[in-house]
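Hello,

Here is the structure I promised to pass on to you. Please have a look at it first, and then read on for my notes.

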Amino acid sequence: MPRDMMFAEAIAVAITEEMQRDPNVVFYGQNMAMTERDPFVRKFGRDRVRITPISETAELGIAIGAAMSGLRPIVELYMAEFMLVAFDEVINEAPRLRYMSGGQVKVPCVFKAGFGFAAGWAGQHSNCTYHAMMGIPGLKIAVPSTSADAMGLMRTAIRDDNPVVYLHHYMLTIDKSPVPDGEHIVPFGVADIKRAGTDVTIVATAWMVKKSLAAAETLAKEGISAEVIDPRTLAPLDIKTIVDSVKKTGRLVLVDQAPRHASASIVIAGEIAEQGFKYLKAPVKMVTALDTSVPYSEALESYVLPSEQKIVDAVKAVLMMQTAAV
Amino acid sequence: MQAASQLPRERLTWMYTQMLRIREFEERVKRTFVEHPGVIRGHAHLGDGAEASIVGALATRGESDPVMPSYRCHGYPLVLGTPARALMAEIYQRRDGVCKGFGGSMHLADPAHHFPTASGIIGQGIAHAAGVAYAAQVKKTGQVVYSFFGDGSSKQGAFHETLNLAAVWKLPVVFILENNMYQAYTHYKLEDANAIAGDPLSQKAKAYSIPGVTVDGTDVLKVYEEVGQAVDRARSGQGPSLIESRFYRLSPHGNAITVPPVPTQFQEHEAIEVYGNKAEFEAAKKNDPILKFRAQLTGNGTLSEAEAKKIEEGVRAEMDEVVKFALASPLPTPEDAIKYVYA
């Protein structure tokens, strides 16, 4: 029987069970495992579970070295922005070393971070940075939207032989959703159709999946059938599932919390322009953040970020539009 | 650790041979830019002047101890046992290269000989070395990791973050700061606060409450002694040390940075080219670590003049063959470029 589980708990369960399964999995980061009462410390001891100073370059660099030497480190970064102070390790070390060595080494590690806060954390802690990573060959990026995916993608991230950036959206942390029994695994590069539909395809990740599903519900009441697709990993990116959906619906709305040119949506739009143009009955529409930093005041913040209403409006707009070719 | 004064003749001969191999290899890399323009692309960084420091340090190794150099990385694998021909073939962009032509001069790697990788980004490999040490600690392998980097790296965040964390975790790693007097093209006395204050760079160890010593990096046996003590300390679980090994890089930072089709070669050392300080460079050449060790070995009867010459001829013959092999090695297959992106 599937059971309801909080998003954050699903991640913790996956890490715990993988650490039980494989003694090479280690877990460390800032402000974690601070006392001997910590459940990870109690279960796995201080060799495998450690506290670090606020030293992201050292934390990530050590993970890379340890990964090359047979461990499978998970680094708890708390906030994705903190990765930016050590971005060389993320972009120009972890994914390069295997390639530059001519395949002699592998770097299996997980950089785990919350992201995208939209609860008044303002300009420096509310960002979506995945766009800067999703084009880096050698790096994988997981972005779950449900508890089941959070658990299954974390398992895959730990078992993968490559560096994986695992981004969990803060606004989903305490959401409960069903998780299947047993060793639930979600493969990378396989999009999930979160809601089937026939009139329009909506593609969204993380918190935007929740907003898109709410929008689809509203649209359904007006007789509009929206299909909602969650790619679940941005690298590898499952374009085929999106193309197949567009083949059916002929219309595509891309929802993304990042500003337009820093979004995953713009990459998907490019792929669909090349691979799915002939199926489109209307131009692709992107619902993204405005081109600003994220402001503090809620009145400002909600104006900047995508919302259920903006998604509903975008869907209605593409249903009214026709491509020049049709 | 065996005391330097107790080292047998065979070991001393080995050390001299390895120092020569590094020098002769680097000489041939440099000459390639003149004799075979275009065979080496990008940027190559030579370790001439570092021979005593590299060999003195690596002579203290246990047989499975990992070594993590910076991008100036030709010398270490030569000592570790990587075939010189595979290193030269890599620098010559060939299929038989140690990284099959994917890495080049700055990114050599040979994990089979305990050289996991080198990073081309200054200082970042220091953190990777600590990670290799963390794995050794967790897996209780008894290994000690040798982390080599330049004076320039010691101003990087990666250096400071890693020394702190390595000290907190008591990681089995020895940090060897090779002060070759120049960070790229800039004299270290223009950019290092310790140097400006008249202190040694090993002073930085004090900030992390770990041992820090400065050693004459042109004296192979002194390097051996100091690194050996730090290795013993690390292996017994007492954590990391910092060793500043001072020597003089005898070649400039790298071959001149040019844009094709303008050919690139090694120019004069920046002491002359940039600072007009020929006297400093000439003094360094007189203090050549290889000539010093040779004089020591022939002076105390460890080697006869004839024996020394025989070693030198042998090394030169090896390196001549290495160049021939690398030149004859085929280029990689273009389609292989998409290999190795993911494991």
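Val174(B) has Ser241(B) as its bridge partner in strand 7 of chain B. This is a predicted model, so please read everything below with that in mind. The pair belongs to a longer run: strand 3 (residues 173-179) and strand 7 (residues 241-246) of chain B are parallel and are joined by six bridges.

Where do these strands sit in the sheet of chain B? The sheet is open and has five strands in the order 1-2-3-7-6, with parallel pairing. At its edges are strand 1 (67-68) and strand 6 (212-216) of chain B; each has a single partner strand, so one side of each is left without a neighbour in the sheet. Helix 5 of chain B packs on this sheet, where it touches strand 1, strand 2 (145-150) and strand 3 of chain B. The direction of helix 5 makes about 175° with that of strand 2 of chain B.

Helix 5 of chain B also turns up where the two chains meet. That contact takes 36 residues from chain A and 35 residues from chain B. On the chain B side, helix 5 (124-139) and helix 6 (157-168) are the elements that give two or more residues. Which of them gives the most? Helix 5 of chain B does, with twelve residues. By class, the chain B side has 21 nonpolar, ten polar and four charged residues.

Another place to look in chain B is a pair of helices. The axes of helix 1 (residues 9-35) and helix 12 (residues 305-328) of chain B come within 9 Å and cross at roughly 40°. That angle makes helix 1 of chain B oblique to helix 12 of chain B, and the crossing is right-handed. Among the residues that helix 1 of chain B brings to this contact are Tyr16(B), Leu20(B) and Arg28(B), while those from helix 12 of chain B include Ile311(B), Val315(B) and Met319(B). The residues of this contact divide into seven nonpolar, one polar and five charged.

Now to chain A, which is divided into domain 1 (3-179) and domain 2 (192-320). The centres of these two domains of chain A, taken over C-alpha atoms, are 26 Å apart. In the contact of the domains, 22 residues of domain 1 of chain A meet 24 residues of domain 2 of chain A. Strand 6 (140-142) and helix 7 (147-159) of chain A each supply at least two residues of the domain 1 side, and strand 6 of chain A has the largest share, three residues. That side of domain 1 of chain A has 13 nonpolar, seven polar and two charged residues.

Chain A has an open sheet of five strands too, in the order 9-11-10-13-14 with mixed pairing. Its edge strands are strand 9 (192-195) and strand 14 (285-289) of chain A. On average, neighbouring strands of this sheet are turned by 25° against each other, direction ignored. Strand 13 (residues 252-259) and strand 14 of chain A run parallel and are joined by four bridges; within strand 14 of chain A, Met286(A) stands opposite Leu254(A). Helix 10 (residues 265-275) of chain A lies across strand 10 (200-203), strand 13 and strand 14 of chain A, at about 150° to strand 13 of chain A. Helix 12 (residues 308-320) of chain A packs on the sheet as well, and its direction makes about 160° with that of strand 14 of chain A.

Happy exploring, and best wishes!

Methods:
Residues numbered from 1 in each chain as written. Chains lettered and ligands numbered in written order. Predicted model: local features only at pLDDT ≥ 70, side-chain atom pairs only at ≥ 80, totals over all residues. Domains from an automatic or database assignment. Contact = placed C-beta atoms within 7 Å. Nonpolar A, V, L, I, M, F, W, Y, C, P; charged D, E, K, R; others polar. Axes fitted to C-alpha atoms, helices over the stretch in contact; angles between N-to-C directions. Parallel < 35°, antiparallel > 145°, perpendicular 65-115°, else oblique. Left-handed = near helix turned anticlockwise from the far one by under 90°. Pairing = 2+ DSSP bridges.
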